[in-house]
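Grab a pencil and work through these exercises with the model open beside you. Try each task before you read its solution.

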Amino acid sequence: MVRLLIACMRLIAPLPLPLLRALGWGFGMLLFALAHARRNVVQVNLRHCFPALSDAERAVLVRQHFVQVGQSLIDRAWLWHAPLEVVRHRLQWTGAVAQLAGEQPTVIFAPHFVGLDAGGLALTLHSSTPVAFIYVTQSNPDLEHWINQGRERGGSVKPYFRHDGVKKIITSLRHGEKLHLSPDMDLGPQDAVFVDFMGVSAATVTSLPRFAKLGRAQVVPMLTRMTPAGYTIEVLPAWTDFPSGDLTHDTERMNARLAEWIAAMPSQYYWVHKRFKTRPEGQPSLY
């Protein structure tokens, strides 16, 4: 089944982007109709994060989100299989791109918007120095190979896995390797603090300030937005006075900035994830 999926993605990769996005729209609406459990997760997340919206407004946002998730999944076809000149044409850089130049230790804060994989690939195509990514191992070896091959096709990729520990990553970071980091998921209580995320207490890993401190690195946010022409990758100026030495304060600051970015493109944040899965002791599950 996985091999058939991969073959289909290779087959549709040369199609025009509007047609691929139309396929993605249909796939997203299919997910909306059939993925009842994930639809409930999205509804719960949006109800807690956007309490001011009416039920009708949230319903529209839920459908938009599933469509864009579906489109982002179909986009892997051209991201991972189309000629690189096509890929580069559809990935447009904007903002403080010069922050990524040179060999200064840099942690790139890349939140989980639907274009996360597009941004990661764009970064490896753009960077003159290796870029480190922390991967989660897939249970299916064919899927594992396909995903890694797609993500690493730009070269300059240094894959690490969560079970590898941080020592190697820190050493490489200090020697000029950029670290692409997405610390905005609920990974459980380990190495996490409960801080505000859009009005809800959320278990949030403290890896961003920890890596910045241990690697003596600047933190540069990078936001990827889906557009009709592909994706824009916006680089924001490096944060000042970060880390401060207070993990909780720094993690709160990270979530506060993320909330601002989500407000600008609310349907594109990865709401299908159980962001509030881990609850403070004594509090019931939100799902």
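**Exercise 1. Find out how much of the contact network links distant parts of the chain.**
Start with contacts, meaning heavy atoms within 4.5 Å. Take those in the protein chain with a separation of 6 or more: 76% of them are between residues 24 or more positions apart.

Before going on, a word on the ground rules. This is a predicted model, where local features need pLDDT of at least 70 and side-chain atom pairs count only at pLDDT 80 or more, while totals for chains, interfaces and linings use all residues. Residues are numbered from 1 along each chain as its sequence is written, and side-chain values use heavy atoms, with hydrogens and water left out.

**Exercise 2. Check the overall dimensions against a simple rule.**
Step one: use the radius of gyration, taken over C-alpha atoms, with the globule rule of 2.2 Å times the number of residues to the power 0.38. Step two: for 287 residues the rule gives a value near 19 Å for a compact globule, and the protein chain has 19 Å, so the two agree. Step three: along the principal axes, the C-alpha atoms fill a box of roughly 50 × 45 × 35 Å.

**Exercise 3. Lay out the open sheet.**
First, the parts list: the protein chain has 10 helices and 9 strands. These are DSSP runs numbered from the N terminus, helices being H or I with at least four residues and strands E with at least two. Two strands pair if DSSP finds at least two bridges between them. Next, put 7 strands in the order β1-β9-β8-β2-β5-β3-β4, with mixed pairing. At the edges sit β1 (91-95) and β4 (157-161), each pairing on one side only. Now zoom in: β3 (residues 131-135) and β5 (residues 178-181) are parallel, with 3 bridges, and valine 131 has lysine 178 as its bridge partner.

**Exercise 4. Describe the hairpin. Do β6 and β7 run parallel or antiparallel?**
They run antiparallel, and 6 bridges join β6 (residues 192-197) to β7. As one matched pair, valine 193 stands opposite threonine 204. The hairpin has 2 residues between its strands, and methionine 198 in the turn has a positive phi of about 55 degrees. For burial, use these cut-offs: buried is under 20% relative accessible area, exposed is over 50%, and partly exposed lies in between (1.4 Å probe, protein chains only). With 5 of its 6 residues buried, β7 (residues 200-205) is therefore largely enclosed by the rest of the structure.

**Exercise 5. Explore the cores.**
A nonpolar core is a set of buried Ala, Val, Leu, Ile, Met, Phe, Trp, Tyr and Cys residues joined through side-chain atoms within 4.5 Å. The largest one has 42 residues, and Val107, Phe197, Leu208, Ile262 and Trp271 have the most contacts inside it. Helix α10 gives the largest share, 5 residues. Another core lies apart from it, with 38 residues, including Leu20 and Trp146. Back to phenylalanine 197: beyond its neighbours within four places in sequence, its contacts include Cys49, Leu258, Ile262 and Trp271.

**Exercise 6. Classify proline 18. Is it buried or exposed?**
Locate proline 18 in helix α2 (residues 17-34). Its relative accessibility is 63%, so proline 18 counts as exposed. Finally, compare two separations: proline 18 and valine 195 are 177 residues apart in sequence and 40 Å apart in space, C-alpha to C-alpha.
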